[in-house]
Amino acid sequence: MSDAVPSPGRRKLLARISIGLGCVGAALIGVPVVGFLLAPLFEAVAKTWRSVGPVEQFKNGATVQVKFADASSVAWAGVTAQTAAWLRRELSGEFVAFAVNCTHLGCPVRWLENADLFMCPCHGGVYYNDGSVAAGPPPKPLTRYPVRVRDGQVEILTGPTPIT
Amino acid sequence: MRFLRKAWEWFDARTDASKIIGPVMNHPVPPGTGWKYVFGSATLFAFLIQVFTGIALATAFVPSAGQAYESLQWITHEAFLGRLLRGMHYFGASAMVLLVGIHMIRTFLTGSYKFPRELNWVVGVVLLGLTILMGFTGQLLRWDQNGVWSTIVAAEQAGRVPVIGAWLARLILGGQTVGGATLSRFFAYHVFFIPAVIFAMVGLHLALVLRHGISELPDSSRPVDPRTYRSWYENMLRREGVPFWPDAAWRDVVFGAAVVACVVVLAWRIGPPLLTKPPDPTIIEAYPRPDWYLLWYFAVLAQLPPGTENYVIVGAPVLAGFCLLILPLLFNKGQRAPSRRPWAVASMVIIAMSVGVLWYQGKRSPWSPDFGATQLPAHVVQATDPQIAEGARLFFEKGCQYCHAIAGSGGQRGPDLTYVADKLTEKQITLRILNGAFNMPSFASSLKPDEASAIVAFLDTRKLPH
C-alpha cells in the first residue's frame, strides 16, 4: 500500500482486464483441445467401392458373409479395420448387401441358412432373407450397402457403421 | 527417533501439516453410528484399489486398437503378477459399484441427504454416474470381441438421442466405424478424463462431509428442522461427540481392509474375466453382454415395447438422474427415521426388487435365441412313423429350436412346445407356423408343403402322457 491507493474505478478496470485475459487464455487452450476432440464430427463421410470377390463365386439364392476394409482406417487399427456384411445373391442373379448390425442396438446378426432367417444374439431380433423385420425389437429392416458388379467383381460401397 | 521427530517438527513448522490433519482426524462425530456408516469409506478404498492397480496395468496395456488384445493376453498369461492385478482391477470395480450402491441405499434409508447435507447427496449422485461410466469404459478396454460390440451398442444407444444422436454416436466411435481411433479415446476417458473428475468430486464430497459432519442416527422424535438443526447438531457434538479417530474410524479401517482382502482373494482364486475372441468385427459369432452390474439394464433394453424404445433409451437415464438429483431439494426436512417414512422404504423396496428381477432376467436372457441348441434325442421324439421323425429333424434344422424348447432342449424366446398339442389343434399349429404370430416369423415361404406337414405332425404328438 505504498503507492497511492488505487481508485475504485482503477480496481474495477484491473479486475476486468484480469478476468478478460484469463478467459482469452482459457480459450486459446480450449479451442484447439475441444476442436481436436470433436474432429470426428467434421470429417467427410468416407465411402469406397471394395471388391469382395468374383461374381461366379456367389451362388444364386445364397447369402454369405463377406469382409472388406473400412474406407478410412489408420495404420494401427489392426483387425478392427475390417467390416463384415451379408451378401445375398437373389435367384434372379441380383446382389443385395446387408450390414451385419442389427437395427435394434447394433449387435451382429447371424444368417441361419436352413431357417432362411437372420437372428440377433443380443435381444432376439429376427429378419427375413430380404432384411425385413420378422420378429423382436428391431425398428427397421437391416441396413443395405450399395452393391455393383465391375469387371466381373462384386463391389460393395463401404460406409459408416449404420446408426439407426 | 529424535532425528525423525526433529525432521517432522521442521516440516510441520513450514507446512502447518498438523494443523490441517489434526482437526480432520480429531473432529467430533455423533456417537453410536456403528457399522452402518462404513460403506462410504469402503467405496473410497475400492476406488484407491482401482487407482493403484490401474496405474500398474497402464504400464503394460497398449491402447492401440490393433494391439490392445495381445497386450492384455500378455498381461494375463505371461506378466509377473499380471493375472492377479487384472483380477484385482476387475473385482475392485465390482466392489466399488456394489459399495457405492449400498452407501447410497443407507444414505437414502436414514434420510441423511436432508438439510444441510443436500449437496453431499447431489455430489454422490454424480459420483455414482462416474462410477458406472468407469465400469463401462473399463469393460470396453478389455478390447476383445465383447468390448468392440459393446462400443457399437453404446454408439447405437447414443444414436437414439434426438437431433444430436448421430454426432454423439460418431464421437463414441471416434469416427465412422469402430477402428484405430476408438480404443485410444476410451483409454483417455477411462484413465484421464473420468478419474480427474472423480478426484475432484471425491474431494468435494469429503469437504462437505467435514463441513456438515456425518449425520447422527435418525430419531423419529426429532425431525429435521432447517432453522434449528445446525445449532442442535453442534450442541449435541459438544455434549456427546466422540473423536473421529479412532472411535469411529477403526470400523472404517477394519471394513476397508476386509474389502481389500476380499478383492485380493477373489482375484487370486477366480482371476480376471477371460478375454473372449479377438476384436475382429468380422467374427460375428458374438454374444455381447455387459458386466454384471449393468445386466439389469441389458434386460430393460430387451423387453421394451418397440414403440416406447426411443423414449426409454434416452429418457429413462435422464429421468432417473434427474429424480436422484432433485430428491434432497424436494424433501430436505422432516422425518429421517425409516420407520416414519413408508414411501421412502416402499420405493426402495420396489426399486431393489425391479432391479433384482431384471438382473435375473438379464442373467438368463430368455429373449436370446439359443444358437447352441442340439437336435432332439430319439427318446424325446419317440417317433411312431417316419414323418414324425422327419418333423423332429426339421424342427431343429429349420431353426424352430433356437426359440422354442421341447423337453428342456432349445431357446426360451418363444413358448415351450413340450406339450403344445394339448393347447393347440393341428390346424392352429399349421396356421401359426405359416403365418407367424406375435414375435414369430412366418415360415410360409421357407418351408415346402411336405416339410410344414412333417413339423406339424411331429408337434401334434407333443402331448402330456396320460
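In this predicted model, A85(A) stands opposite A99(A), a residue of strand β4(A). That pairing belongs to a longer contact between two strands of chain A, for β3, which covers residues 82-89, and β4, which covers residues 95-99, run antiparallel and are joined by five bridges. The two strands form a hairpin with five residues between them, and within this hairpin G93(A) takes a positive phi near 95°.

On another side of the pairing pattern, β4(A) also meets β9(A), again in the antiparallel sense, and here the pairing extends over two bridges. One residue pair that can be picked out in this part of the model is A97(A) with Y145(A), the latter being its bridge partner in β9(A). Taken together, these strands belong to an open sheet of four strands in chain A, whose order is β2-β3-β4-β9 and whose pairing is antiparallel. The edges of this sheet are formed by β2 (63-69) and β9 (144-145) of chain A, each of which pairs on one side only.

How many of the residues of β4(A) are buried? Five of its five residues are, and the strand is accordingly described as mostly covered. The cover is found on both faces of β4(A), since F95(A), A97(A) and A99(A) are buried on one side, while V96(A) and F98(A) are buried on the other.

Further along chain A there is a second hairpin to follow, formed by β10(A) and β11(A) with two residues between them, and in its turn D151(A) has a positive phi of about 50°. Its strands, β10 with residues 147-150 and β11 with residues 153-157, run antiparallel and are joined by four bridges. Within this pairing, V149(A) stands opposite V154(A), which lies in β11(A).

From the strands of chain A the reader may turn to the place where the two chains meet, in which 57 residues of chain A are in contact with 59 residues of chain B. Between them, chain A and chain B bury about 4700 Å², and 61% of this area is on carbon and sulfur atoms. Across the interface the rule finds 21 residue pairs in polar contact, counting pairs with both residues at pLDDT 80 or more, whereas it finds zero salt bridges there. On the side of chain A that touches chain B, at least two residues each are supplied by α1 (8-42), β2, β3, β5 (110-112), β6 (117-119), β7 (126-128) and β8 (133-135) of chain A. Among these elements, α1(A) gives the most, with five residues. By kind, the residues of this side of chain A divide into 35 nonpolar, 17 polar and five charged.

In chain B, a single residue can serve as a point of orientation, namely L109(B), which lies in helix α5, made up of residues 82-109 of that chain. Is L109(B) buried or partly exposed? L109(B) counts as partly exposed, because its relative accessible area is 26%. Apart from neighbours within four places in sequence, L109(B) is in contact with R336(B), P338(B), R341(B), V345(B) and M348(B). A further relation links L109(B) with P218(B): the two are 109 residues apart in sequence, and their C-alpha atoms are 9.7 Å apart in space.

Note on methods. Residues numbered from 1 in each chain as written. Chains lettered and ligands numbered in written order. Predicted model: local features only at pLDDT ≥ 70, side-chain atom pairs only at ≥ 80, totals over all residues. Heavy atoms only, no water. Buried < 20%, exposed > 50% of the residue type's maximum accessible area, 1.4 Å probe, protein only. Contact = heavy atoms within 4.5 Å. Pairing = 2+ DSSP bridges. Buried area = accessible area lost by both parts, 1.4 Å probe. Salt bridge = Lys/Arg side-chain N within 4 Å of Asp/Glu carboxyl O. Polar contact = N/O pair within 3.5 Å; in protein donor to acceptor, adjacent residues only side chain to side chain. Nonpolar A, V, L, I, M, F, W, Y, C, P; charged D, E, K, R; others polar.
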